[in-house]
Amino acid sequence: MKFIILTLFPEAFESYLNVSLLKRALAKKFIKIELKNLRDFGVGAHKVVDLRPYGGGAGMVLRVDIIDRALRAIKAKQKGKKSKVILLTPQGKVFNQKLAKQLSKVDTLILVCGRYEGFDERIRDLVDYEISIGDYVLTGGEIPALAVLDTVARLVPGVVGKAESLVSESFSESAGRRILEYPQYTRPENYKGKRVPKVLLTGNHAKINEWRQKEALKRTKKRRPDLLRGLR
Ligand code: ADE
């Protein structure tokens with residue numbers, strides 16, 4: 001799967017992509033990432049990408065013609081590939097695991113990083129989805145784009161080593177429900193008087209699974225009852 005990121009700050013992505021599971025996924029070619037500098041599509045000697053808003057007001061607004069040109073150039077190279085364009089904005093649909101799963105089915109995901117000052121409203125007509133990573137405002141779409149990329153990439157076959165670690169994790173569907181993951185422990189068995197639950201030391205996998213399911217449900221009820229009510 002390929003991710004193309006359209007941003008004014010391509011270098012902001014490099015440090016994270018050079019570590020972690022993503023580095024391995026790139027090296028093994030499970031995923032490809034192209035960083036496109038929006039400035040390259042700017043106009044004039046100064047490669048202008050934004051202007052003052054009509055009607056006045058603070059800040060600069062990203063131009064629709066620049067984004068249109070950039071997206072056309074990018075899409076022209078995706079011949080025959082199933083691609084989707086995503087705009088990162090706090091006004092978008094709130095991102096979750098279910099949406100990540102849907103997005104992991106496409107060949108190419110094109111992530112357009114907005115800026116905090118704003119973008120021309122007509123840019124919305126150029127994209128397939130508008131995504132927010134939560135009800136708070138960041139200075140730009142770069143961190144949200146990285147969050148979406150990271151979440152979707154780890155659903156691509158091969159990226160996460162053990163297939164089963166995707167099955168039981170938080171928010172993945174379990175019997176049609178999305179619940180939180182059960183608690184995990186490793187050594188030491190007794191840490192300052194806090195002991196690992198005995199059942200995990202028995203080696204009885206049927207019992208362990210039963211305990212994990214019960215604990216997962218218990219903590220979901222306590223921490224995220226909204227998930228069980230099917231509100232999200
Ligand atoms: N840009 C600024 N804040 C954002 C958010 N919460 N989600 C997506 N894009 C953003």
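I began with the lining of the second largest pocket in this predicted model, and found that strand 5 supplies its largest share, 4 residues. Strand 5 and strand 7 are the elements that give two or more residues to this lining. I counted 21 lining residues in total, and noted that Leu88, Thr89, Pro90, Arg115 and Phe119 lie nearest the centre of the pocket. By class, the lining divides into 10 nonpolar, 8 polar and 3 charged residues, and I recorded a volume of about 320 Å³ for the pocket.

I then looked up where the ligand is placed, and it sits in this second largest pocket. The elements that contribute two or more residues to the shell around the ligand are strand 5, running over 83-94, and strand 7, running over 129-132. Strand 5 again gives the largest share, here 3 residues of the shell. I listed the residues that surround the ligand, among them Leu88, Thr89 and Pro90, together with Ile131, Ser132, Ile133 and Pro144. The shell holds 8 nonpolar and 4 polar residues, with no charged residue.

Next I went through the polar contacts to nitrogen atoms of the ligand, taking the backbone N or O atoms in turn. For Tyr136, such a backbone atom lies 2.8 Å from a ligand nitrogen; for Leu138, the distance to a ligand nitrogen is 3.0 Å; and for Gly134, I noted 3.1 Å, again from a backbone N or O atom to a nitrogen of the ligand. Finally I checked how far the ligand is covered, and the protein takes up 97% of the 260 Å² of accessible area that the ligand has on its own.

Notes
Residues numbered from 1 in each chain as written. Predicted model: local features only at pLDDT ≥ 70, side-chain atom pairs only at ≥ 80, totals over all residues. Heavy atoms only, no water. Near = heavy atom within 4 Å. Polar contact = N/O pair within 3.5 Å; in protein donor to acceptor, adjacent residues only side chain to side chain. Areas by Shrake-Rupley, 256 points an atom, 1.4 Å probe, with all protein chains shown as cover. 1 Å grid on protein atoms, 1.4 Å probe; cavity = no way out; pocket = protein on both sides within 12 Å on 5 of 7 lines; lining within 4 Å. Sits in = over half its atoms within 2 Å of the grid points. Nonpolar A, V, L, I, M, F, W, Y, C, P; charged D, E, K, R; others polar. Points joined across faces, edges and corners; volume = space filled by probe spheres on them.
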